[in-house]
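Biologist: I have the sequence and the fold open here. Can you walk me through the pockets and the packing?
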Amino acid sequence: MHRPAGEPIATAVLTHGAGGNHDGLLLRQLGAALSARGVLVARIDLPYRQNRPKGPPSPSGSARDRDGIARACALLRELGAGPLIVGGHSYGGRQASMVVADDASVADGLLLTSYPLHPPGKPDRLRVEHLPRITRPVVVVHGPSDPFATTDELTAAVALIPAPTTVVEITGTGHDLRPDRKPTAELTTAAVLSHLVGRPTD
């Protein structure tokens, strides 16, 4: 949990990619940056990661991972104030987007960092079926060298979302968004505040 100094202006539930956990550098930096701007943040492990410390998720368990995201959002609704943002990195963000597509009441905004549009080298296997059902505003953070989606591919996919969408490109990065060397957390936080919370930054 990252708790702001004062009353929260918003709440966020963030989760990790297929190979990570809640302690990844990007999630930690996002939690710190968002809480410094007044957002109550929970970094969560998905159910598959709670069951085992290493290894990728199983497709058969993805519904359970989505249930875990929805439950975390329900709990954070009780703790925080203002709009609730849900999302995460790669696999975690994709699962969060499917949760919101199925039930818009779960969250008020969606944050997707490095959305895994297709498996690397397989651009014909697009993961876009649910995107036209997303009715909450979305911020997508993208590295132009990401093997899971070129910038053009991502732009075309985002156009399928009927809700307002904002793409933040982190130049000189790929799938990991280089939070150790780039202002990824700061740029993402600014976009979240401006487009999902309604508190534009200077």
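Biologist: How do the residues lining the largest cavity divide into nonpolar, polar and charged?
Modeller: Nine are nonpolar, with no polar and no charged residues. Here Ala, Val, Leu, Ile, Met, Phe, Trp, Tyr, Cys and Pro count as nonpolar, Asp, Glu, Lys and Arg as charged, and the others, Gly among them, as polar. One caution: this is a predicted model, where local features need pLDDT of at least 70, side-chain atom pairs count only at pLDDT 80 or more, and totals for chains, interfaces and linings use all residues. Residues are numbered from 1 along each chain as its sequence is written, and side-chain values use heavy atoms, with hydrogens and water left out.

Biologist: Which residues line that largest cavity?
Modeller: Leu112, Tyr115, Leu117, Leu131, Val140, Leu154, Ala157, Val158 and Ile161. Helix 5 (residues 151-158) gives the most, three residues. Helices (H or I, at least four residues) and strands (E, at least two) are DSSP runs, numbered from the N terminus.

Biologist: What volume does the largest cavity have?
Modeller: About 60 Å³. The structure holds one cavity of 30 Å³ or more. On a 1 Å grid over the protein atoms alone, a cavity is a set of points where a 1.4 Å probe fits but cannot get out. A pocket is an open set with protein on both sides within 12 Å along at least five of seven lines. Lining residues have an atom within 4 Å of a point. Points are joined across faces, edges and corners, and the volume is the space filled by probe spheres set on them.

Biologist: Pockets, then. How much space lies in the largest pocket?
Modeller: About 240 Å³. Its lining has 15 residues, with Pro57, Pro59, Tyr91, Arg94 and Arg127 nearest the centre. Helix 3 (62-79) and helix 4 (91-102) are the elements that give two or more residues to this lining. Helix 4 gives the most, four. By class, the lining has eight nonpolar, four polar and three charged residues.

Biologist: And what about the second largest pocket?
Modeller: That one holds about 200 Å³. Closest to its centre, among 15 lining residues, are His16, Gly17, Gly20, Gly24 and His89. The lining has five nonpolar, nine polar and one charged residues. Helix 1 (residues 25-36) gives the largest share, three residues.

Biologist: Back to helix 3 and helix 4. At what angle do they pack?
Modeller: About 75°, with the axes 9 Å apart. Axes are lines fitted to C-alpha atoms, for helices over the stretch in contact, and angles run from 0 to 180 degrees between N-to-C directions. Helix 3 and helix 4 are therefore roughly perpendicular (65 to 115 degrees).

Biologist: Which residues meet there?
Modeller: Ser62, Asp65, Arg66, Ile69 and Ala70 in helix 3 meet Tyr91, Gly92, Gln95, Ala96, Met98 and Val99 in helix 4. Contact means heavy atoms within 4.5 Å. The contact residues divide into six nonpolar, three polar and two charged.

Biologist: Now the sheet. What is the strand order?
Modeller: 2-1-3-4-5-6, an open sheet of six strands with parallel pairing. Two strands pair if DSSP finds at least two bridges between them.

Biologist: Why do strand 2 and strand 6 each have one side without a neighbour?
Modeller: Strand 2 (39-44) and strand 6 (165-169) stand at the edges with a single partner strand each, so one side of each has no neighbour in the sheet.

Biologist: How many bridges join strand 1 to strand 2?
Modeller: Six, with the two strands running parallel. Thr11, for one, has Leu40 in strand 2 as its bridge partner.

Notes
Angles under 35 degrees count as roughly parallel, over 145 as roughly antiparallel, 65 to 115 as roughly perpendicular and the rest as oblique.
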